[in-house]
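Work through these short exercises with the model in view. Try each task before you read its solution.

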Amino acid sequence: MKYYIYILLDESKPGDYKFDDLSFKFEPFYVGKGTGNRIINTLYDKKTFKSNKIKSIRNKGFNILSEKVYENLENIESLNLEKENYKINRQKRFTFRIIN
């Protein structure tokens with residue numbers, strides 16, 4: 001089974017967001033790993049903080065954008081990339097905050 005890493009983006013916050021070698025037109029707020037439809041199903045998770053963030057964005061009339069940033073990964077690769085991206089953000093080198 002192959003995995004991917006995805007990013008959820010806040011459409012209400014346009015800008016130029018850099019995340020190491022990645023760049024986005026909207027503010028990233030969540031990094032996840034998945035297979036199949038995980039990138040879609042994550043929008044309906046009941047995790048309190050993530051679901052509250054999604055609800056808040058939608059209540060303002062904006063959408064949640066999702067983007068696969070790495071694909072065709074083995075499980076261990078995907079776990080390492082997800083952790084690495086999360087740790088990078090925790091170092092506060094960026095003007096945005098990943099919530100997971």
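**Exercise 1. Find the buried residues of helix 2, then describe where they sit.**

Solution. Step 1: list them. Lys 50, Lys 53, Ile 54 and Ile 57 are buried in helix 2. Buried means under 20% relative accessible area, exposed over 50%, and partly exposed in between (1.4 Å probe, protein chains only). Helices (H or I, at least four residues) and strands (E, at least two) are DSSP runs, numbered from the N terminus.

Before going on, note the ground rules. This is a predicted model: local features need pLDDT of at least 70, side-chain atom pairs count only at pLDDT 80 or more, and totals for chains, interfaces and linings use all residues. Residues are numbered from 1 along each chain as its sequence is written, and side-chain values use heavy atoms, with hydrogens and water left out.

Step 2: look down the axis of helix 2. Its buried residues fall within an arc of 95 degrees, so they line one face of the helix. The arc is that of the directions from the helix axis to the C-beta atoms.

Step 3: turn to the other side. There Thr 48, Lys 55 and Asn 59 are exposed.

Step 4: ask what covers the buried residues. The cover includes strand 1, strand 2, helix 1 (38–41) and strand 3. Contact means heavy atoms within 4.5 Å.

Step 5: check the span. Helix 2 (residues 48–59) has 12 residues and reaches 16 Å from first C-alpha to last, close to the 16 Å expected at 1.5 Å a residue. The expected span is 1.5 Å times one less than the number of residues. Just after helix 2, Gly 61 has a positive phi of about 90 degrees.

**Exercise 2. Write down the pattern of the chain, then the order of its strands in the sheet.**

Solution. Step 1: count the elements. The chain has 3 helices and 3 strands. Along the sequence they follow the pattern β-β-α-α-β-α.

Step 2: order the strands. The 3 strands form an open sheet in the order 2-1-3, with antiparallel pairing. Two strands pair if DSSP finds at least two bridges between them. Strand 2 (22–34) and strand 3 (64–73) are the edge strands, each pairing on one side only. Neighbouring strands of this sheet are turned by 30 degrees against each other on average, direction ignored. Axes here are lines fitted to C-alpha atoms, for helices over the stretch in contact, and angles run from 0 to 180 degrees between N-to-C directions.

Step 3: count bridges. Strand 1 (residues 3–19) pairs with strand 2 over 11 bridges, in the antiparallel sense. Strand 1 and strand 3 are joined by 7 bridges and run antiparallel.

Step 4: name some partners. Tyr 17 has Phe 24 in strand 2 as its bridge partner. Leu 9 has Leu 65 in strand 3. Asp 10 stands opposite Glu 27 in strand 2.

Step 5: inspect the hairpin of strand 1 and strand 2. It has 2 residues between the strands, and Asp 20 takes a positive phi near 55 degrees.

**Exercise 3. Which residues form the largest nonpolar core, and which strand supplies the largest share?**

Solution. Step 1: list the members. The largest nonpolar core has 12 residues: Tyr 3, Ile 5, Ile 7, Leu 9, Tyr 17, Phe 19, Leu 22, Phe 24, Val 31, Val 69, Leu 73 and Leu 81. Such a core is a set of buried Ala, Val, Leu, Ile, Met, Phe, Trp, Tyr and Cys residues joined through side-chain atoms within 4.5 Å.

Step 2: sort by strand. Strand 1, strand 2 and strand 3 each supply at least two residues. The largest share, 6 residues, comes from strand 1.

Step 3: look elsewhere. Another core of 10 residues lies apart from this one, and its members include Tyr 4, Tyr 6, Ile 39 and Ile 57.

**Exercise 4. Is Gly 32 buried or exposed, and what does it touch?**

Solution. Step 1: locate Gly 32. It is found in strand 2.

Step 2: apply the cut-off. At 2% relative accessibility, Gly 32 counts as buried.

Step 3: list its contacts. Leaving out residues up to four places away in sequence, Gly 32 touches Tyr 4, Ile 5, Tyr 6 and Glu 82.

Step 4: follow Glu 82. Glu 82 is in helix 3 (residues 75–90). Glu 82 and Gly 32 are 50 residues apart in sequence, and 6.4 Å apart in space, C-alpha to C-alpha.
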